[in-house]
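Trainee: Please take me closely through one part of this model, chain B, and then set it beside a part of chain A.

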Amino acid sequence: MSLRGKAFIAGSYEHPTRNAPDKTLAQLHAEVARGALADAGLEMSDVDAYYCAGDAPGLGPFSMAEYMGLKPTHVDTTDTGGSSYIIHVGHALQAIASGKARIALITLAGKPRSAGQATGTAPRDYGADTPDVPFERVYGPATANMYAMAAMRHMYEFGTTSKQLAWVKVAASQHAQHNEHAMLRNVVTVEEVVDSPMIADPLHRLDCCVISDGGGALVVVAPEVAKSLGGRAVKILGHGEALKHLNGGKIDLTYTGGRISGTRAFEEAGLAPADIKYASIYDSFTITVVEQIEDLGFCEHGKGGTFVADGNLISGVGKLPFNTDGGGLCNNHPANRGGMTKVIEAVRQLRGEAHPAVQVRNCDLAVAHGTGGSIGTRMGSSTVILGRADA
Amino acid sequence: MSGEERVLPAPPVNPENEAFFKAANEGRYLVKKCRACGEAHYYPRTVCPFCQSADTEWVEGSGKGVIYTYSVMRRAPVPYAIAYVTLAEGPSVMTNLVDCDFDALKIGQKVEVTFRKADNGQAIPMFKPA
């Protein structure tokens with residue numbers, strides 16, 4: 001059964017902070033919740049469903065529900081890393097379509113920047129009970145070198161080049177110059193990217209996203225609620241989610257779970273990649289964008305490097321305007337989890353509320369897509385197809 | 001050359017993996033194989049990830065493979081090369097490449113197992129050019 005159009009995104013909010021040593025994590029969650037509800041024209045007391053992921057403090061949803069005074073009758077704490085919030089949109093769609101919820105609030109917040117976290121270069125420890133840890137942790141898998149191994153293999157199999165990857169960052173920087181909140185607003189060139197210091201071969205410093213504090217929130221509502229709130233809500237047309245892992249050692253790092261989540265989302269929406277006017281694509285690293293663009297069907301497997309080159313992702317220049325807020329590469333990567341901001345910028349584009357310099361003309365259909373975890377090991381991918389209310 | 005001074009955090013040993021690490025301390029490299037479907041898998045587990053049979057066994061691995069992919073982490077106190085090596089037995093395994101010139105590594109290169117000591121003395125399988 002297709003759930004096309006069975007729920008709407010009525011509110012969205014991106015916290016303006018990128019460095020918040022003076023705020024608590026719970027406070028940031030509450031501030032983005034207030035922002036998204038105000039954007040929708042709703043109150044905290046209207047919320048009957050609450051979704052958060054591993055970035056929220058405390059056990060599951062308890063602490064934040066209590067802090068904010070929520071009394072939800074539907075909760076979801078699905079955690080697939082940075083893609084969690086795109087999955088939450090899909091789960092809110094399901095809950096609303098089945099009558100279990102009417103107004104769902106999704107929050108994300110984090111403070112890795114003010115905590116001085118070496119997000120990309122320090123191996124994380126997921127605990128002794130995690131079955132892969134005894135066979136991986138000792139080898140130093142950090143975020144950057146795992147994505148780098150995917151890039152290295154992509155280059156080997158398809159001839160993808162560092163200069164092609166650099167175009168992803170160049171496009172993001174072209175967009176970020178117009179975003180007053182973006183962490184990095186300077187426009188960069190392909191040469192500057194490939195000449196920046198090597199972090200983990202073949203990824204340079206400018207192939208990597210920023211580390212920022214901040215957060216974001218979304219309010220997903222039933223169609224009748226969206227109608228009562230006026231015409232700004234964005235329609236959810238399709239959703240997909242998929243896990244991909246190392247498959248017992250039969251590995252292929254040249255694609256992500258997006259191949260499956262994207263197919264399912266486009267099927268539900270009854271649309272094809274060629275219909276999409278704007279794409280938010282999780283850009284933890286430049287290679288993440290190249291692989292996911294292929295996986296979503298914007299080009300053939302292996303042709304992503306050619307596709308992103310020469311400004312093809314720049315709004316007003318290329319065929320597929322992407323991440324017009326500057327993305328994780330330049331704007332914001334709150335809590336080291338980029339899925340939330342991907343949905344927020346897609347909502348801006350569909351409402352015609354992106355910065356005029358990057359607003360896509362007649363933007364009626366958009367995709368927001370992300371992959372959490374690591375494309376070098378195990379990941380959760382999620383895709384949501386969004387449209388204007390008349391779509 | 002590779003990071004001889006790296007401190008390697010000892011892997012957590014548990015009932016499911018202790019045979020692997022005990023063998024490593026004897027200089028042997030074990031591979032987990034399923035008696036039901038005949039497939040080798042990685043990381044080693046009791047229940048086969050391909051056919052879900054619990055009839056799995058440890059077999060002596062060849063210790064030989066080829067580099068599937070790799071990356072040299074430059075932003076570390078001692079730079080190191082992480083890699084996936086595709087074993088002759090089939091599965092690809094996460095590892096480090098040692099005893100090699102990082103700048104001369106190539107995907108497809110033949111490698112063989114060697115061992116380094118973790119901070120508690122546990123032998124850790126790694127790979128070097130064959």
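Mentor: The account below goes through chain B, then its contact with chain A, and ends with two parts of chain A.

The model is predicted, so local features need pLDDT of at least 70 and side-chain atom pairs count only at pLDDT 80 or more, while totals for chains, interfaces and linings use all residues. Residues are numbered from 1 along each chain as its sequence is written, with chains lettered from A and ligands numbered from 1 in the order in which they are written.

Chain B contains one helix and eight strands; helices (H or I, at least four residues) and strands (E, at least two) are DSSP runs, numbered from the N terminus. Read from the N terminus, the order of elements in chain B is α-β-β-β-β-β-β-β-β. Along the principal axes, the C-alpha atoms of chain B occupy a box of roughly 45 × 35 × 25 Å. A compact globule of 130 residues would have a radius of gyration near 14 Å, and the 15 Å of chain B agrees with that; the radius is taken over C-alpha atoms, and the globule rule is 2.2 Å times the number of residues to the power 0.38.

Of the 130 residues of chain B, 42% are buried, that is, have 20 or more other C-beta atoms, placed from the backbone, within 10 Å of their own C-beta. Where contacts in chain B join residues at least 6 apart in sequence, 50% of them link residues at least 24 apart; a contact requires C-beta atoms, placed from the backbone, within 7 Å.

One part of chain B is an open sheet of three strands in the order β2-β1-β3, with antiparallel pairing; strands pair if DSSP finds at least two bridges between them. In chain B, β2 (40-41) and β3 (56-60) stand at the edges with a single partner strand each, so one side of each has no neighbour in the sheet. Strand β1 (residues 30-34) of chain B is joined to β3(B) by five bridges, and the two run antiparallel. Within this pair, B:Lys32 has B:Trp58 in β3(B) as its bridge partner.

The contact between the chains draws 34 residues from chain B and 29 residues from chain A. On the side of chain B that touches chain A, two or more residues come from each of β4 (64-73), β5 (80-87) and β6 (92-97) of chain B. β4(B) supplies the largest share of that side, six residues.

Chain A offers a further set of paired strands. Strand β10 (residues 365-373) of chain A is mostly covered, with nine of its nine residues buried. β10(A) runs parallel to strand β9 (residues 278-281) of chain A, to which four bridges join it; A:Ser280 stands opposite A:Ala368 in β10(A). With strand β11 (residues 379-387) of chain A, β10(A) pairs in the antiparallel sense over nine bridges. A:Gly372 has A:Gly380 in β11(A) as its bridge partner, and a hairpin of five residues joins β10(A) to β11(A).

Finally, helix α12 (residues 339-351) of chain A has 13 residues and reaches 19 Å from its first C-alpha to its last, close to the 18 Å expected at 1.5 Å a residue; that expectation is 1.5 Å times one less than the number of residues. α12(A) is also mostly covered, as 12 of its 13 residues are buried, including A:Gly339, A:Val343, A:Ile344 and A:Leu350. After α12(A) comes A:Gly352, which has a positive phi near 75 degrees.

Definitions and conventions
Two residues are in contact if their C-beta atoms, placed from the backbone, lie within 7 Å.
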